[in-house]
Amino acid sequence: MYRFVAVDIDGTLLNNSSQVSKRNEQAIKDVINAGIIFSLSTGRPLQGVSAFVDMVGADMPFIIYNGAMVVTSKSKQVLHETTLSGELASGVVRLGQQRGTNVFVYRDGKMHVTEISQPVEHYISYFKISPFVVEDLVELASRGVTKVLFRDTPDRITDLQNEAAILFKDKLNYFTSQPNLLEFVDSATSKGAAMRVIGERYGIPQCEMMAIGDSYNDIEMIRHAALGVAMGNAPQEIKDIADAVTSTNEEDGVAEAIYRYVLDRPPSTNSDASSG
């Protein structure tokens, strides 16, 4: 029996219109009503998950910043937090600025940029985040940060990831959450590590955990769970490491996995979407 379920948001819980379907929403409610701990697990900051608090209802542990923080959804109690050192964070910011990419720095629960450019406007509109404009991101990063994010074209993100592998090696964790987003966090940070923290907090062993995701920042979460589930829309590399593959985010894959593996009953057939 699974007593803890962690679910990624973008590309997993949300469909391609950035909505949560009625079936997915009902599956989450059914899981919680069954006494199971449910966690949204995302690279988003706290601001970026606020829209889901009422949908989840109960005060559940949310994994945010790709595992750099675990916070309870309603009471906002921080259960876990890691920080990327100032030396490494400022080095990452310098790399991004030297290569002319869009750099976002998360610190003290806030997103910081040097200007509100069109790519920044697109990002904050999608994730519903209010940015703070600062003159010197390197100086800010030198104080230690939660996360540094690059936004660019998929090809340039691949090049930046390859360069980061040479410059930083195993000193920090970096991964793509979407093809155009490259994220940097502390070396001890991952969604899987955050799941371990939640397990210890709530007395849930690894053998009673399930995780559902679609992208490279979900790899450690999928590996950590006793049952790691890849979405049908996930890259083949993600599917290859998963224990099971569910339907796509357009086909209510989250609900399918929850009803099949956790609640052991057929899913609802209502696929109408609600905003989220």
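Start your tour at the largest pocket: sorted by class, its lining has 3 nonpolar, 8 polar and 2 charged residues. Here Ala, Val, Leu, Ile, Met, Phe, Trp, Tyr, Cys and Pro count as nonpolar, Asp, Glu, Lys and Arg as charged, and the others, Gly among them, as polar.

Before you click further, know that this is a predicted model, where local features need pLDDT of at least 70 and side-chain atom pairs count only at pLDDT 80 or more, while totals for chains, interfaces and linings use all residues. Numbering runs from 1 along each chain as its sequence is written, and side-chain values use heavy atoms, with hydrogens and water left out.

**Stop 1: the largest pocket**

Select Ser 177, Gln 178, Pro 179, Asp 214 and Ser 215, which lie nearest the centre of this pocket, out of 13 lining residues. A pocket is an open set of points, on a 1 Å grid over the protein atoms alone, with protein on both sides within 12 Å along at least five of seven lines; a cavity is a set where a 1.4 Å probe fits but cannot get out, and lining residues have an atom within 4 Å of a point. The volume of this pocket is about 200 Å³, where volume means the space filled by probe spheres set on grid points joined across faces, edges and corners.

Now colour helix 1 (9–13) and strand 11, since each gives at least two residues to the lining. Strand 11 has the largest share, with 3 residues. Helices (H or I, at least four residues) and strands (E, at least two) are DSSP runs, numbered from the N terminus.

**Stop 2: the closed space**

How many cavities of 30 Å³ or more are there? The count is 1, and the volume of this cavity is about 130 Å³. Select Asp 10, Gly 43, Ser 177, Gln 178 and Glu 183, which are nearest the centre among its 16 lining residues. You have already met Ser 177 and Gln 178, listed nearest the centre of the largest pocket too.

Helix 5 (118–127), strand 11 (172–178) and strand 12 (181–186) each put at least two residues into the cavity lining. By class, that lining holds 3 nonpolar, 6 polar and 7 charged residues.

**Stop 3: the six-strand sheet**

Switch to cartoon view and trace the order 9-8-7-10-12-11: an open sheet of 6 strands with mixed pairing. The edges are strand 9 and strand 11, each pairing on one side only. From one strand to the next, the twist averages 30 degrees. Two strands pair if DSSP finds at least two bridges between them.

Zoom in on strand 8 (residues 110–113), which pairs with strand 9 in the parallel sense over 3 bridges. Which residue stands opposite His 112 in strand 9? Pick out Phe 132.

Next, find helix 7 (residues 154–168), lying across strand 10 (147–151), strand 11 and strand 12 and running at about 170 degrees to strand 11. Angles run from 0 to 180 degrees between N-to-C directions, with axes fitted to C-alpha atoms, for helices over the stretch in contact; contact means heavy atoms within 4.5 Å.

**Stop 4: a hairpin**

Strand 4 and strand 5 pair in the antiparallel sense over 4 bridges, and Ile 63 has Val 70 in strand 5 as its bridge partner. There are 4 residues between the two strands of this hairpin, and Tyr 65 in the turn has a positive phi of about 55 degrees.

In a regular strand the side chains alternate between the two faces of the sheet. Show the side chains of strand 4 (residues 61–64): Pro 61 and Ile 63 point one way, Phe 62 and Ile 64 the other way, and all are buried. Buried means under 20% relative accessible area, exposed over 50%, and partly exposed in between (1.4 Å probe, protein chains only).

**Stop 5: two unusual lysines**

Most residues other than glycine have a negative phi. Lys 76, though, has a phi near 60 degrees. Look for Lys 76 in the loop between strand 5 (69–72) and strand 6 (78–81), where Lys 76 is partly exposed at 39%.

Then go to Lys 128, also with a phi near 60 degrees, in the loop between helix 5 and strand 9 (131–133). Is Lys 128 buried or exposed? With 61% relative accessibility, Lys 128 is exposed.

**Last stop: Ser 90**

Ser 90 sits in helix 4 (residues 86–98) and is buried, at 6% relative accessible area. Leaving out residues up to four places away in sequence, Ser 90 touches Val 138, Ala 141 and Ser 142. Select Gly 144 as well: Ser 90 and Gly 144 are 54 residues apart in sequence but 8.3 Å apart in space, C-alpha to C-alpha.
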